[in-house]
Amino acid sequence: MESPLKLGILCHPTFGGSGVVASELGVALAQRGHSVHIFSHRRPIRIPLDHPKVTFHEVEVTTYPLFKYPPYALSLATKLAVTCKEVGLDLLHSHYAIPHAMSAYLCRQMIGEYAPKIVTTLHGTDITLLGLDDSFFEITRFSILQSDGVTAVSQDLARQTEEDFQLDRKVEVIPNFIDTERFHPKNRNPECRARFVGEGEYLVGHVSNFREVKRVLDVIRIFHGLHYHVPCRLLMVGDGPLLEPAKALVGELGLQEKVEFLGLKENIPQLLPQLDLFVLPSAYESFGLAALEAMACGVPVLASRAGGLPEVVEEGQSGFLGEVGDIEGMTFKAREALEDPRRLQLLRTGARHRAEQIFPQDRIIDTYESFYRQVLEKSQIPNERTP
Ligand code: GMT
């Protein structure tokens with residue numbers, strides 16, 4: 001049996017997907033006996049308080065009148081270096097390149113001979129938006145090149161990273177994963193559904209951080225078209241910049257009685273199974289973890305054919321794909337999913353099956369573990385990773 005590792009995981013603590021993936025990975029690795037140290041400016045919600053193998057390190061940033069922008073990346077690098085000296089971490093795993101990959105690099109430079117190896121996982125806008133911005137491009141490219149191992153959550157993101165940053169190194173694909181016991185159709189129950197829909201009505205849902213990229217107004221427009229043909233209601237879960245515009249559109253379209261905004265919710269594994277269709281019409285998703293969570297609960301997904309979403313949702317099997325912004329086309333597909341109960345049942349089974357077969361947590365944690373071991377074995381010679 002291989003010896004347990006001491007791992008540092010760096011992540012953003014938000015409700016967004018990269019923090020969720022990092023936290024779930026950390027907890028799963030701890031269950032396997034590794035010592036896991038999580039670094040963030042706030043405790044991510046999915047990190048337990050009392051796990052003997054999980055330590056949370058809160059990164060505090062000192063404010064000072066001279067600083068218009070307190071340098072979080074430096075505070076993080078310092079915390080990493082101090083912890084490495086105290087406990088001797090084997091490897092730092094950065095989730096979302098900016099600024100984590102650079103803080104990990106700084107830590108390695110500070111520590112010298114016994115420095116940890118660095119793995120960076122790219123999640124999406126760290127590459128497609130922020131990373132390509134002039135103010136971040138060179139440092140993102142540098143920190144990717146300096147990492148001992150780089151992974152992306154979909155083929156699409158890996159390809160795009162290699163192209164956009166003209167990398168002469170390979171970005172490995174390790175897709176996101178799902179705990180198919182926690183996200184399970186068995187949590188569907190009539191009493192919970194009855195809080196949202198009446199007899200014979202379908203429940204359509206959307207969960208996101210309501211940013212521009214999610215195109216939440218499209219969700220409402222698709223629902224608007226759908227409700228003329230299928231008896232249904234819409235649940236909007238989450239919060240973010242487009243929450244108020246979304247509420248305003250619901251008012252304009254006279255849908256107040258049919259649409260409920262729940263705000264941020266932690267009981268997603270209980271909520272999702274109550275849905276009949278999950279709608280994610282994003283302009284871009286590197287992966288679309290929210291879609292996978294719905295699929296594991298036996299809920300078919302209507303998504304846009306953007307980024308890594310076609311790698312998650314199989315057209316006609318686990319849901320449907322439409323072109324970004326094509327409200328009419330997507331409304332038609334939503335009808336196709338809901339109008340025939342036999343078809344809906346097949347889609348439900350197909351969604352669950354795909355989540356179980358392609359993205360099971362245990363198998364993908366195995367892949368991360370072997371990737372760590374490869375990285376640790378590969379760069380035994382200190383010079384191999386000096387600039
Ligand atoms: O990149 C972002 O927008 C934020 C990031 C996050 O931290 O939530 O989301 C990305 O990572 C998720 C987990 O890997 C993916 O499921 C999301 O598709 C991806 N978001 C985008 O690409 C817009």
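# Salt bridges, a helix and two domains

Asp366 counts as partly exposed, because its relative accessibility is 38% (buried means under 20% relative accessible area, exposed over 50%, and partly exposed in between, with a 1.4 Å probe and protein chains only). The model is predicted: local features need pLDDT of at least 70 and side-chain atom pairs pLDDT 80 or more, while totals for chains, interfaces and linings use all residues. Residues are numbered from 1 along each chain as its sequence is written, and side-chain values use heavy atoms, without hydrogens or water.

## Salt bridges

There are 23 salt bridges in the structure (a side-chain nitrogen of Lys or Arg within 4 Å of a carboxyl oxygen of Asp or Glu). One of them pairs Arg32 with Asp366, at 2.7 Å from N to O. Arg32 sits in the loop between helix H1 (17–31) and strand E2 (35–40), and Asp366 belongs to helix H15, so this bridge ties together parts that lie 334 residues apart in sequence (helices, H or I with at least four residues, and strands, E with at least two, are DSSP runs numbered from the N terminus). Like its partner Asp366, Arg32 is partly exposed, at 30% relative accessibility.

A salt bridge also forms between Arg373 and Glu2, whose closest N and O atoms are 3.6 Å apart. Here too, distant parts of the chain are linked: Arg373 is in helix H15 (residues 361–378) and Glu2 in the segment before E1, 371 residues away. Arg373 is buried, with 14% relative accessibility, whereas Glu2 is exposed, with 52%.

Arg343 and Glu336 form a further bridge, with 3.6 Å between the closest N and O atoms. Both residues are partly exposed: Arg343 has a relative accessible area of 26% and Glu336 one of 31%. Shared partners join some salt bridges into one network, made up of Arg32, Asp362, Asp366 and Glu369.

## Helix H3

Helix H3 covers residues 97–111, 15 residues in total, and reaches 20 Å from its first C-alpha to its last. Twelve of these 15 residues are buried, so H3 is largely enclosed by the rest of the structure. Among the buried ones are Ala97, His100, Met102, Tyr105, Cys107, Arg108 and Ile111. Their cover includes strands E1 (6–10), E4 (91–95) and E5 (117–122), together with helices H2, H4 (125–128) and H5 (137–146).

Pro99 is part of H3, and the peptide bond that joins Ile98 to Pro99 is cis, with omega of about -5°. Both Ile98 and Pro99 are buried.

## Positive phi angles

Most residues other than glycine have a negative phi, and most peptide bonds are trans. The table gives residues with a positive phi.

| Residue | Phi | Place |
|---|---|---|
| Gly112 | about 80° | just after H3 |
| Gln166 | about 45° | loop between helix H6 (155–164) and strand E7 (172–173) |
| Arg215 | about 50° | loop between strand E8 (202–208) and helix H8 (216–227) |

Gln166 and Arg215 take these angles although Gln166 is not a glycine and neither is Arg215. Gln166 is exposed, at 61% relative accessibility, and Arg215 is partly exposed, at 29%.

## Domains

The chain is divided into domain 1 (6–177 + 361–385) and domain 2 (185–358), with bounds from an automatic or database domain assignment. Taken over C-alpha atoms, the domain centres are 31 Å apart. Between them, 21 residues of domain 1 contact 15 residues of domain 2 (heavy atoms within 4.5 Å).

Notes. The expected span of a helix is 1.5 Å times one less than its number of residues.
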